[in-house]
Amino acid sequence: MAMKVFGQPMSTNVARVLVCLEEVGAKYEVVPVDFATAEHKSPEHTSRNPFGQVPALQDGDLVLFESRAISRYVLRKNSSELLKEGSLADSARVDVWLEVESHHFDRPMAVIIYQCLVLPVYFGGKTDEKVVEENLETLRKTFQVYEDRLSRSTYLAGDFISLADLSHFPTAYYLLATPHAGMLDEFPRVKAWIDGVLARPAVVKVIEMMKASA
Amino acid sequence: MSPVKVFGRAISTNVARVLVCLEEVGADYELVSVDFLAGEQNSPEHVERNPFGKIPALQDGDLVLFESRAIAKYVLRKYRTSEVDLLRESSITEAAMVDMWTEVEAQQYYPALSPVVYECIIFPVMRGIPTDQKVVDESLEKLRKVLGVYEAHLTKNKFLAGDFISFADLNHFPFTFYFMATPYASVFDSYPHVKAWWEGLMSRPSIKKISANMPTKF
């Protein structure tokens with residue numbers, strides 16, 4: 001039976017799950033959740049995700065939410081090498097850089113994406129440049145760490161691609177759509193790493209789904 | 001096995017997160033102090049361990065890790081026994097529940113609760129910055145919504161991931177401990193199952209031991 005993913009591919013958190021499903025070649029179905037009609041707050045959806053967010057995943061009787069937890073479940077179920085759970089040290093390094101993605105990359109990026117892409121386009125609002133600048137500074141410090149890291153290994157957790165790298169892709173894709181994509185020119189290894197991730201077949205496929213649902 | 005080294009200070013929330021897990025599994029460890037007043041967290045030696053210049057970092061032989069949740073998972077995996085299994089990775093569904101509520105702590109609970117800790121304790125005591133009441137009030141509003149979800153969940157489940165204690169529950173200890181030292185501890189009174197769950201956590205030997213090194217009066 002196919003797994004069901006609730007949410008729109010254009011959401012970074014939904015896309016994160018979709019790329020894992022594509023990487024392992026799992027059968028799945030995307031069930032849209034219509035934010036315009038507040039479907040995400042409906043009793044039906046909040047019974048799957050009590051915080052009224054996307055994604056949620058249904059696999060038989062199991063219902064999960066939180067994209068990074070869903071991603072781990074999908075990869076683990078399919079014995080994917082993207083978690084490196086056969087190695088205590090390597091799986092720890094994957095966990096480290098997944099935490100970094102969540103706290104040092106996603107946090108400032110979420111603000112930048114909201115201010116530059118969501119607020120003007122969907123809410124007719126005005127970008128707060130001061131807030132954007134503060135978060136770009138945080139992002140710059142993060143990229144300095146990444147630039148150094150990627151001088152020591154091909155990917156974040158080591159010389160192997162992992163969920164830690166892939167987890168960055170949806171947000172990195174949107175960074176390239178903001179006026180601040182040029183920041184990556186200051187960090188050539190980071191830029192090359194992002195380009196490499198975005199070229200993976202599974203990622204290319206999910207990007208097409210993100211564009212189609214926008 | 002030789003003791004693992006944890007770099008940081010006992011009063012730090014994220015260091016405490018790791019120390020509680022080390023205590024739960026009964027591992028040998030050594031806490032190596034990082035002198036914040038001397039700016040040691042920015043020294044080349046420490047940045048080599050934690051490139052963001054934060055605490056904790058962990059060293060186990062050649063392996064060096066940072067990010068407290070990642071370090072804690074490593075500890076729980078390495079020292080797992082049949083009696084102490086806080087990640088449940090041999091069961092794909094139990095592990096998923098642990099992962100999910102671990103993410104909830106990081107993505108929903110911590111962002112709502114931690115600003116109150118920062119505004120009421122960390123900023124005034126450590127940096128001489130006065131409390132921003134607006135931030136506190138906004139955070140408390142968010143926290144109440146989150147606690148509402150927890151209350152509903154803990155009414156049906158003994159612990160977050162199910163009927164077993166796990167890493168997901170333990171993760172809540174450090175910041176909640178300090179929250180209880182702010183003037184807003186009584187917020188939890190409106191959520192009796194959450195309050196009972198918290199009191200259960202506080203009664204665990206590992207948490208009693210580690211919280212003894214965390215001040216409650218400022």
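Helices and strands are taken here as DSSP runs, with helices of at least four residues and strands of at least two, numbered from the N terminus. On this basis, chain A of the predicted model has nine helices and four strands. Read from the N terminus, its elements follow the order β-α-β-α-β-β-α-α-α-α-α-α-α. All four strands therefore precede the closing run of helices in that order.

The overall dimensions of chain A were examined next. Its radius of gyration is 17 Å, and a compact globule of 214 residues would have a value near 17 Å, so the two agree. Along the principal axes, the C-alpha atoms of chain A fill a box of roughly 50 × 45 × 25 Å. Of the 214 residues in chain A, 56% are buried. Contacts in chain A between residues at least 6 apart in sequence were also sorted by separation: 64% of them join residues at least 24 apart. The exposed surface of chain A is about 9100 Å². Carbon and sulfur atoms supply 53% of that area. Chain A carries 23 positive and 29 negative charges. The mean positions of these two sets lie 2 Å apart.

Chain B was treated in the same manner. Its secondary structure comprises nine helices and four strands. The order from the N terminus is β-α-β-α-β-β-α-α-α-α-α-α-α. Chain B has a radius of gyration of 17 Å, close to the 17 Å given by the globule rule for 218 residues, so chain B is as compact as a globular protein of that length. The C-alpha box of chain B is roughly 45 × 45 × 25 Å along the principal axes. Buried residues account for 56% of the 218 residues of chain B. Among contacts in chain B with a separation of 6 or more, 66% link residues 24 or more positions apart. The accessible surface of chain B is about 9400 Å², and 52% of it belongs to carbon and sulfur atoms. In chain B, the mean position of the 23 positive charges is 3 Å from that of the 28 negative charges.

Strand pairing in chain B centres here on β3(B). Strand β1 of chain B (residues 4-7) and strand β3 of chain B (residues 57-60) run antiparallel and are joined by three bridges. Within this pairing, B:V6 stands opposite B:L58. Strand β3(B) also pairs with strand β4 of chain B (residues 63-66), in the antiparallel sense and over four bridges. B:L58 has a bridge partner in β4(B) as well, namely B:L65. B:L58 thus faces B:V6 and is bridged to B:L65. Strands β3(B) and β4(B) form a hairpin with two residues between them. In its turn, B:G61 has a positive phi of about 65°.

A hairpin is also found in chain A. Strand β3 of chain A (residues 56-59) and strand β4 of chain A (residues 62-65) run antiparallel, joined by four bridges. A:Q58 has A:V63 as its bridge partner in β4(A). Two residues lie between the strands of the hairpin. A:G60 in this hairpin takes a positive phi near 65°.

Two residues of chain A were then considered individually. A:H104 is found in helix α4 of chain A, which spans residues 88-123. A:H104 counts as buried because its relative accessibility is 13%, under the 20% cut-off. A:H104 and A:L139 are 35 residues apart along the chain, and their C-alpha atoms are separated by 7.3 Å. Beyond its neighbours within four places in sequence, A:H104 contacts A:E99 and A:T142 in chain A, together with B:F52, B:K54 and B:E67 in chain B.

A:A26 occupies a loop. This loop lies between α1 (12-24) and β2 (28-31) of chain A. The relative accessible area of A:A26 is 18%, so A:A26 is buried under the 20% cut-off. Leaving aside neighbours within four places in sequence, A:A26 is in contact with A:M3 and A:L21. A:A26 and A:L150 are 124 residues apart in sequence, and their C-alpha atoms are 30 Å apart in space.

Key. Residues numbered from 1 in each chain as written. Chains lettered and ligands numbered in written order. Predicted model: local features only at pLDDT ≥ 70, side-chain atom pairs only at ≥ 80, totals over all residues. Heavy atoms only, no water. Rg over C-alpha atoms; globule rule 2.2 N^0.38 Å. Buried < 20%, exposed > 50% of the residue type's maximum accessible area, 1.4 Å probe, protein only. Contact = heavy atoms within 4.5 Å. Areas by Shrake-Rupley, 256 points an atom, 1.4 Å probe, with all protein chains shown as cover. Lys, Arg positive; Asp, Glu negative; His and termini not counted. Charge placed at Lys NZ, Arg CZ, Asp CG, Glu CD. Pairing = 2+ DSSP bridges.
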